[in-house]
Amino acid sequence: MTLSLGCIADDYTGASDLANTLTRGGLRTVQTIGVPADDLALPDVDAVVVSLKSRSIEAGLAVARSCAAETWLRSRGASHVLFKICSTFDSTDAGNIGPVMDALRADSGEAVVLVTPAFPETGRTVYQGNLFVGAVPLNESPLKDHPLNPMHDSNLVRVLARQSRTQIGLVDLATVTRGADAVRARLAELAGKGIGAAIIDAVFDRDLETIGLVAAGHRLSVGASGIGLGLARALVSTGKVKSAATGAETGAAVGGPAACLAGSCSQATLQQIANAERVMPVLHLDPDRILTGAGEAQRALDWARPRLAEGPVLIASSSTPDQVAALQARHGRDAAGHAIEQTMADIAESLVKSGIRRLVVAGGETSGAVVDRLKIPGFLVGVEIAAGVPVLRAVGAGGDMLLALKSGNFGGAEFFSDALRLMR
């Protein structure tokens, strides 16, 4: 297997988003969980997205895991590697975007790296180096309040400069609109000044296509799924990849009982949970009882098991930002997050042992904990449920299983019902 594109994603839902985008762009794509074992049998594909749970861990560990993933991808022939980050660029001033970018840049030998979290399809645009969510700067949007990595500065040149050892420049929209050659000239100018990374503006899909054409000529890029879209289109348009049929089914129906787990505290997920209560049983976990070891996982399982024969259920640990802040004040941020993630993983593991073969998970950290616990090595990417969220079929695992891993802010108001309808 010789890859046309290798990708390293810093969380599992972001990896699914990117894998979905590449599949829609015509690339045959597999998402792996962690760096694959050498003996993992994978189908013949154009792109592999290596999913890491490195978004919020200690920076040195994130660097080590990302470099290991890059080594595996390069060994499979990937001439370009995309380091996939969240479209809200949510990373603390200590990392992890900057340190990982610096390490991958050093390994790849790149003089200057293009960086953009823009993905206009999902309302993320970059103008004059500032990240917008819809019509407002990120720091004025509800997405600023991520419980682990809040984002209160929309100027990505400043944000990345606080994390990286290299100087950060800007390729502005006026340059992008003049085309790929103008972008290449600007990058050469920045590299000549010793600038090692450049935030690049993107407001429309055509901007991503320009960025993709330029990035495909380099060995490394950094960004959200939008830059993946640009890369996929560049690989197809230049003939490096023959476009594959998109939207293909992931295989035969799985059937059997289904369940949903929600750990995200985003406004989108909270509304999706409220809507789900009209069509399926929903259990809201008590975060304080989770932190005090009061048997919330067992309570959830005792509640769910008799209901599964009647249809899907949803178990949620999600809370409002104010409730999350109060919980973190009582128990500590890291302790609270870890305990809730592991409780959701406990529930998922027990549900699968009880016969669940269709599982929907909302929240990046929750998805990471669940997939790690289930020890699923990889997924074949199937039909799209919502922008950035595909149906995933487990590969290399013990049993046939379908999953959907949703970033907190993704999906429409009826996401859980939409997902289950497509996961047959």
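**Exercise 1. Place Val-171 in the fold and state which residues surround it.**

Val-171 is found in strand β9, which spans residues 167-171, where strands (E, at least two residues) and helices (H or I, at least four) are DSSP runs numbered from the N terminus. The structure is a predicted model, in which local features need pLDDT of at least 70 and side-chain atom pairs count only at pLDDT 80 or more, while totals for chains, interfaces and linings use all residues. Residues are numbered from 1 along each chain as its sequence is written, and side-chain values use heavy atoms, with hydrogens and water left out.

Next, consider accessibility: Val-171 has a relative accessible area of 0%, and it counts as buried because that term means under 20%, with exposed over 50% and partly exposed in between (1.4 Å probe, protein chains only). Finally, with neighbours within four places in sequence set aside, the contacts of Val-171 (heavy atoms within 4.5 Å) include Leu-114, Val-176, Leu-187 and Ile-200.

**Exercise 2. Determine whether Asp-10 is buried or exposed, and what it touches.**

Begin with the position: Asp-10 sits in the loop between β1 (5-9) and α1. Its relative accessible area is 7%, so Asp-10 is buried. The C-alpha atoms of Asp-10 and Arg-55 are separated by 4.9 Å, although the two residues are 45 residues apart along the chain. Leaving aside neighbours within four places in sequence, Asp-10 is in contact with Leu-52, Lys-53, Ser-54, Arg-55, Phe-83, Lys-84, Ile-85 and Cys-86.

**Exercise 3. Describe how helices α11 and α13 pack, and which residues make the contact.**

Take the geometry to begin with: the axes of α11 (residues 296-304) and α13 (residues 333-353) come within 9 Å and cross at roughly 35°. Here axes are lines fitted to C-alpha atoms, for helices over the stretch in contact, and angles run from 0 to 180 degrees between N-to-C directions. The crossing is right-handed, that is, the near helix is turned clockwise from the far one by less than a right angle.

Then list the residues: α11 contributes Ala-297, Ala-300, Leu-301 and Ala-304, while α13 contributes Thr-343, Asp-346, Ile-347, Ser-350 and Leu-351. These divide into six nonpolar, two polar and one charged.

**Exercise 4. Explain which residues of the largest nonpolar core touch the most other members, and which element gives the most to it.**

A nonpolar core is a set of buried Ala, Val, Leu, Ile, Met, Phe, Trp, Tyr and Cys residues joined through side-chain atoms within 4.5 Å. The largest one has 114 residues, of which Phe-89, Ile-347 and Leu-359 touch the most other members. Helix α13 gives the most to this core, with eight residues. Ile-347 touches Leu-261, Leu-285, Ala-297, Ala-300, Leu-301 and Ile-315, not counting residues up to four places away in sequence. A second, separate core of 24 residues includes Cys-260, Ile-273, Leu-314 and Met-423.

**Exercise 5. Count the disulfides, and say why Cys-7 and Cys-265 form none.**

With a disulfide taken as a pair of cysteine sulfur atoms within 2.5 Å, the count comes to zero. For Cys-7, the closest cysteine sulfur is in Cys-86, 16 Å away, and therefore too far for a bond. Cys-7 also counts as buried, at 0% relative accessibility. For Cys-265, the closest cysteine sulfur is likewise in Cys-86, at 15 Å, again too far for a bond.

Technical notes. Ala, Val, Leu, Ile, Met, Phe, Trp, Tyr, Cys and Pro count as nonpolar, Asp, Glu, Lys and Arg as charged, and the others, Gly among them, as polar.
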